[in-house]
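Student: I have a protein model open in front of me and would like to learn how to read it step by step. Could we go through it together?

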Amino acid sequence: MGNSCSCFRITSPRHSSKNVEDTYLPEAEIQPEESASNLQHISEREPEDLESDPSSHPTAGPLFMQRSKSDARNCREKRKSQTNLFESRPLKKSSSCSTIYLDDSTVSQPNLKNTIKCVTLAVFYHIRSRSSNKMLDIFDERLHPLSKDGYPEDFEERDPDHRSIYKFVRTLFNAAQLTAECAIITLVYLERLLTYAEIDIVPSTWRRIVLGAILLASKVWDDQAVWNVDYCQILKDISVEDMNELERQFLEMLQFNINVPASVYAKYYFDLRTLADQNDLTFPSEPLSKERAQKLEAMSRICEDKLAELHKNGFKKWSSLDNITLLRKSNAILS
C-alpha cells in the first residue's frame, strides 16, 4: 500500500516454452485509458489460437467427433456386410401433423443415463483413436493406483470397452448424485486438458483423467459440490491427498480456464446427440402430450420475458459469440 509505483508483467497465456519478452510498465507511465476501470473482462481475454481449442470455440468441431468419424464409418460398413441394414437398425418414429414425438432430453435438462452413455462413448473414441501414447505421471495408475487389487498383465496394452468406461462413470455419478449437465462439462474439461497439455488418453490413464474432470466439473457446475473426501468413500483405495494433488495439477494444466460459454455447452450437447445417432444409441421418444406442450410453452415465455427485461435494462453479454437472436414463432396447433 505504501509503494509509490508498481509494475505489470505481460506474458503469453499458453505455451511457456515460447520466447516472450517481459515488459514492465511503471505506474506513472500508464495512461488514464489504461486504468483498472477499463480493463477487459476475463471472458474477452481470448488466446490467439482460440479456434484450435474446440473446448472454447463455439464453432470448432469437438475432438471426439473428429476421432469417431473413421471408426464409425468402419462399423457401419461391417454391419452392412453382416446383415441387412433395415433389420439391424430399428425404425425411428417421425413427427407428423397429428403427432409430435419428443424425448425427455433437452439442452437445459439432458437425460442423465443417455448423456452419460454419450460422454463415455466419446471417451472410448478418444482412447481407441489416439494418435500417440503421451501421458503425465499424475494420471498414470501404475504410479497412482485407484485400487489395491492390482491390474491384469495386459492392462497397459488392452483398450477398455465402452461398457467398462460407462460403468466407472455411472458409479461415480450415482454415488455423488451428479447431474447430466455435469457430464457434459466433464467432457469439455477433458478435451481442454488434451489440448492444453498435449497428451492422449491411454489405458493406464483414462480413469484418473476422467476422475479429475469430474472433480472439477462437479465443483464448478453444482451449487453444493461433492468434497474430495466423499469420492474417497466411493473409491476406497485412494487417499484425500492424492485427490487434492490430482485436482491441483488438473487445474494448473487447464491454466485455471474453467469458463464454459453457453455456446460451447450447447455445441457439445448437440454433437453428443449426433454421436449417439451414429452409434445407434437412440434417445427414447414419446408422443407430445397436451400437458407437456403447455409446460414447454410456459417455460419458453418465462425465458423470453427474462431476456427481454435484461435487454431493456441495458444488459450486454461480454462475449459476442454468445449473442442470441430471438425469433418469435407461431404457437403449435395440437390436434
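Tutor: Let us begin with a term: a salt bridge is a side-chain nitrogen of Lys or Arg within 4 Å of a carboxyl oxygen of Asp or Glu. Before we use it, note that this is a predicted model, in which local features need pLDDT of at least 70 and side-chain atom pairs count only at pLDDT 80 or more, while totals for chains, interfaces and linings use all residues. Residues are numbered from 1 along each chain as its sequence is written, and side-chain values use heavy atoms, with hydrogens and water left out.

Student: How many salt bridges does the structure hold, and with which residue does Arg-248 form one?

Tutor: The structure holds eight salt bridges. Arg-248 forms one with Glu-245, and their closest N and O atoms are 2.5 Å apart. Helices (H or I, at least four residues) and strands (E, at least two) are DSSP runs, numbered from the N terminus, and both of these residues lie in helix α8, three residues apart, about one turn of the helix.

Student: Why does that spacing suit a pair of side chains?

Tutor: An α-helix has 3.6 residues a turn, so residues three or four places apart point the same way. A further case is Glu-297, which forms a salt bridge with Arg-301, the closest N and O atoms being 2.7 Å apart. Being four residues apart in helix α10, Glu-297 and Arg-301 are separated by about one helical turn. As for α8, salt bridges that share partners join Glu-245, Arg-248 and Glu-252 into one network.

Student: Which salt bridge ties together parts that are 28 residues apart in sequence?

Tutor: The side chains of Lys-219 and Glu-247 meet in a salt bridge of 2.9 Å, N to O. Lys-219 lies in helix α6 and Glu-247 in helix α8, so this pair links parts that are 28 residues apart in sequence.

Student: Is Glu-247 buried or exposed?

Tutor: The words have cut-offs: buried means under 20% relative accessible area, exposed over 50%, and partly exposed in between, with a 1.4 Å probe and protein chains only. Glu-247 has a relative accessible area of 15% and is therefore buried, whereas Lys-219, at 31%, counts as partly exposed. For the protein chain, 35% of the 335 residues count as buried.

Student: How should I read the overall arrangement of helices and strands?

Tutor: One reads the elements in order along the sequence. The protein chain has 10 helices and two strands, and they follow the pattern α-α-β-α-α-α-α-α-α-α-β-α.

Student: How can I check the length of a helix such as α6?

Tutor: The expected span of a helix is 1.5 Å times one less than its number of residues. The 16 residues of α6 should therefore span 22 Å, and its end C-alpha atoms are indeed 22 Å apart. For α10, residues 290-312, the 23 residues should span 33 Å, which agrees with the 33 Å between its end C-alpha atoms. Helix α6 is also largely enclosed by the rest of the structure, because 12 of its 16 residues are buried; among them are Trp-206, Arg-208 and Leu-211.

Student: What is a nonpolar core, and which residues have the most contacts inside the largest one?

Tutor: In soluble globular proteins, nonpolar side chains tend to be buried together. A nonpolar core is a set of buried Ala, Val, Leu, Ile, Met, Phe, Trp, Tyr and Cys residues joined through side-chain atoms within 4.5 Å. The largest one here has 63 residues, and those with the most contacts inside it are Phe-139, Tyr-189, Leu-211 and Tyr-231. Its largest share, 10 residues, comes from α5. Helix α5 also contains Ile-184, a residue that counts as buried at 0% relative accessibility. The C-alpha atoms of Ile-184 and Ala-266 are separated by 9.4 Å, although the two are 82 residues apart along the chain.

Student: Which residues that are not glycine have a positive phi of about 55 degrees?

Tutor: Most residues other than glycine have a negative phi, and most peptide bonds are trans. Glu-198, in the loop between α5 and α6, has a positive phi of about 55 degrees. Gln-255, in the loop between α8 and α9, also has a positive phi of about 55 degrees.
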